[in-house]
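Subject: Structure for you to look at

Hello,

Here is the structure I promised to pass on, with the sequence alongside. Have a look at it first, and then read on for what turned up.

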Amino acid sequence: MTVQIRGQKMLIGGKWVGRDEIIEVRDPQDNSLIDTVPAASKEDMLQCIEEAKEGAKIAASMPVHERIRVINVAADYIEENKEKYAFIISKEGSKTIREAQKEAARCIQTLRISAEEARRINGETIPFDQMPGSENRVGYYYRFPIGIIAAITPFNDPLNLVAHKVGPAIASGNAIIVKPATVTPLSALLLAEAFSHAGLPPKVLSVITGHGREIGDILVTHPAIRMISFTGGLEAGEEIARKAGLKKIGLELGSNSPVIVLEDADLEEAVESSVSGAFWAAGQNCLGVQRIYIQDSIYETFQKAFISRTEQYSVGDKQSYQTDMGPLITEKEAIRVEKMVEEAIGKGAFLLTGGQRNGAFYTPTVLTNVPENCQIAKEEIFGPVVLLYPVGDLDEAIQKSNSVDYGLQAGIFTKNIEKAHKAIAQLDVGGIMINDSSDYRIDAMPFGGVKKSGLGREGIKFALQEMTEPKVVCFKLNQ
Ligand code: NAP
């Protein structure tokens with residue numbers, strides 16, 4: 001399939017608009033030009049917010065059955081065009097076509113769940129008479145939309161992570177402004193196309209393309225924005241939190257997820273699942289496996305099998321169905337990963353396999369003996385690199401798993417229910433997968449991290465809570 005360079009427009013207040021200033025969207029695989037998008041100005045952002053003020057009123061007045069209809073028609077549209085959606089995800093990002101197809105399918109799922117959850121935005125009655133003196137009061141609370149939501153999204157799931165904000169925002173009667181990652185704006189624009197097709201009223205959804213550092217501040221600091229829903233790196237997340245002022249903030253940030261493999265585990269399953277978890281999307285995955293703690297008695301067997309499986313991975317053309325792993329999002333990112341690996345090796349880490357860079361491509365890499373004083377041991381790699389550590393027992397594995405600032409998800413492989421429960425109780429994370437790697441998620445579960453991995457939860461039902469506010473109603477009766 002070829003893509004024509006056509007000068008994609010952005011969606012501001014229901015109008016598809018172009019600008020003279022443009023951003024080139026390039027395929028990381030060969031740096032070829034795919035398309036261009038407008039580089040929005042600060043004035044564009046201000047206009048977007050003005051339009052959204054009206055959009056918020058329109059969205060709040062949409063009956064629930066209409067919200068459900070619109071979201072389902074958008075999901076149908078993506079389903080009918082799913083090959084096109086998968087192709088664009090894979091073309092502008094670093095996912096292989098098989099990975100991109102999975103993301104397109106998940107986006108359809110995310111929207112369908114949003115449509116379903118729209119019927120369940122419930123309040124409840126309040127027993128006011130629990131308070132002496134309130135015997136003659138009855139009442140309840142509703143959940144009301146918050147107003148305008150700013151969604152700032154990353155490059156690594158350029159469609160589904162946008163849907164995780166747009167779906168619940170529309171389901172709950174809010175207006176939403178999306179600022180997608182500059183390197184992968186096309187998937188977000190395609191999502192907006194689906195909603196335009198579905199007849200979403202203009203001004204409810206805008207997708208504005210531009211550099212976060214140039215137009216982000218206006219979006220983040222503007223008083224009309226009532227919630228910022230951010231998914232991305234720790235640095236940008238912390239900066240946004242500092243600047244946001246008095247508004248709700250949802251932060252879905254990074255991690256360096258641990259997996260624990262105990263001696264009673266099914267080793268074949270543990271290896272297969274952890275290799276996939278480490279190298280999915282070239283390791284650019286917030287819940288990707290970065291650190292594996294393996295019990296001493298099975299360490300050698302596990303390491304051998306892990307290297308052997310890793311070396312079977314085929315790295316290359318993203319559009320080929322035979323390819324397991326594509327490039328990183330840019331050559332700069334691949335160089336960053338290369339430097340982190342070199343630093344670890346310089347401090348005594350041992351390279352078991354991988355460690356080769358060619359442009360934006362970096363081979364699946366396995367390290368052992370990684371000292372604690374190097375960057376890669378503590379920070380998020382966000383690349384195809386995994387660290388193996390032998391441990392004496394579960395207590396040591398838990399202590400080491402918790403020894404970092406992040407806490408998104410973890411995995412543990414064991415058949416022992418007591419040990420699994422100990423890990424559940426003691427690991428500081430937002431989700432624990434038993435007999436699976438950290439890299440497992442469905443779109444309907446609460447998703448988010450503790451510590452520096454974030455604030456708040458996504459997963460439609462949980463995003464709906466964040467995107468609505470309770471309003472209490474109390475009747476004083478003369479009885
Ligand atoms: P990023 O560099 O933090 O960028 C994310 C988004 O923030 C982009 O749209 C970016 O715009 C924008 N941005 C950057 N600085 C900003 C600022 N000062 N004000 C407003 N907007 C700003 O992250 P990324 O490299 O795209 O994504 C990778 C990170 O996302 C990793 O750390 C990963 O773990 C995390 N992530 C977390 C989850 C989760 O659910 N927990 C899921 C996926 C990814 P520009 O593109 O224009 O710079």
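One convention before the charges come up: Lys and Arg count as positive and Asp and Glu as negative, while His and the chain ends are left out. On that basis, the chain has 52 positive and 63 negative charges, and their mean positions lie 6 Å apart. Please keep in mind throughout that this is a predicted model.

The chain as a whole

The chain holds 15 helices and 24 strands. Its radius of gyration is 23 Å, close to the 23 Å that the globule rule gives for 479 residues, so the chain is as compact as a globular protein of that length. Taken along the principal axes, the C-alpha atoms fill a box of roughly 75 × 65 × 40 Å.

Of the 479 residues, 55% are buried. The chain exposes about 19,900 Å², and carbon and sulfur atoms supply 51% of that area. If you count the contacts between residues at least 6 apart in sequence, 73% of them join residues at least 24 apart.

Two domains

The domain assignment splits the chain into domain 1, made of 10-253 + 454-472, and domain 2, which covers 257-442. Over C-alpha atoms, the centres of domain 1 and domain 2 are separated by 31 Å. How many residues of each domain are in contact with the other? The count is 29 residues on the domain 1 side and 27 on the domain 2 side.

Around helices α7 and α8

Helix α7 spans residues 212-221, and its buried residues are I215, G216, I218, L219 and V220. Which elements cover them? The cover includes the helices α1 (42-61) and α8 (234-243), together with the strands β7 (148-152), β8 (175-179) and β10 (225-231).

I240 belongs to helix α8, and V220 from the buried set of α7 is one of the residues that I240 contacts. Leaving aside neighbours within four places in sequence, the other contacts of I240 are I152, I228 and F230. I240 counts as buried because its relative accessibility is 10%, below the 20% cut-off. For a sense of distance, I240 and M340 are 100 residues apart in sequence and 26 Å apart in space, C-alpha to C-alpha.

A pair of alanines with positive phi

You may want to look at the loop between α9 (267-279) and β13 (289-295), where A281 is placed. A282 sits in that loop between α9 and β13 too. As background, most residues other than glycine have a negative phi. A281 has a positive phi, near 55°, and A282 has a positive phi of about 55° although it is not a glycine.

Are these two alanines buried or exposed? A281 counts as buried at 3% relative accessibility, and A282 counts as buried at 0%. Apart from neighbours within four places in sequence, A281 is in contact with S94, K95 and E99. Those three residue numbers fall in the 10-253 segment of domain 1, while A281 falls within the 257-442 range of domain 2. P168, at 113 residues from A281 in sequence, is 25 Å away in space, C-alpha to C-alpha.

Two partly exposed residues

E269 is in helix α9 and counts as partly exposed, with 39% relative accessibility. Not counting residues up to four places away in sequence, E269 touches F413 and N435. The C-alpha atoms of E269 and S437 are separated by 9.7 Å, although the two positions lie 168 residues apart along the chain count.

P63 is in the loop between α1 and α2 (64-80). At 38% relative accessibility, P63 counts as partly exposed as well. P63 and G13 are 50 residues apart in sequence, and their C-alpha atoms are 20 Å apart in space.

Best wishes

How values were computed: Residues are numbered from 1 along each chain as its sequence is written. This is a predicted model: local features need pLDDT of at least 70, side-chain atom pairs count only at pLDDT 80 or more; totals for chains, interfaces and linings use all residues. Side-chain values use heavy atoms; hydrogens and water are left out. Helices (H or I, at least four residues) and strands (E, at least two) are DSSP runs, numbered from the N terminus. The radius of gyration is taken over C-alpha atoms; the globule rule is 2.2 Å times the number of residues to the power 0.38. Buried means under 20% relative accessible area, exposed over 50%, partly exposed in between (1.4 Å probe, protein chains only). Contact means heavy atoms within 4.5 Å. Accessible areas come from the Shrake-Rupley method with a 1.4 Å probe; for residues, only the protein chains shown count as cover. The place of a charge is taken as NZ of Lys, CZ of Arg, CG of Asp or CD of Glu. Domain bounds come from an automatic or database domain assignment.
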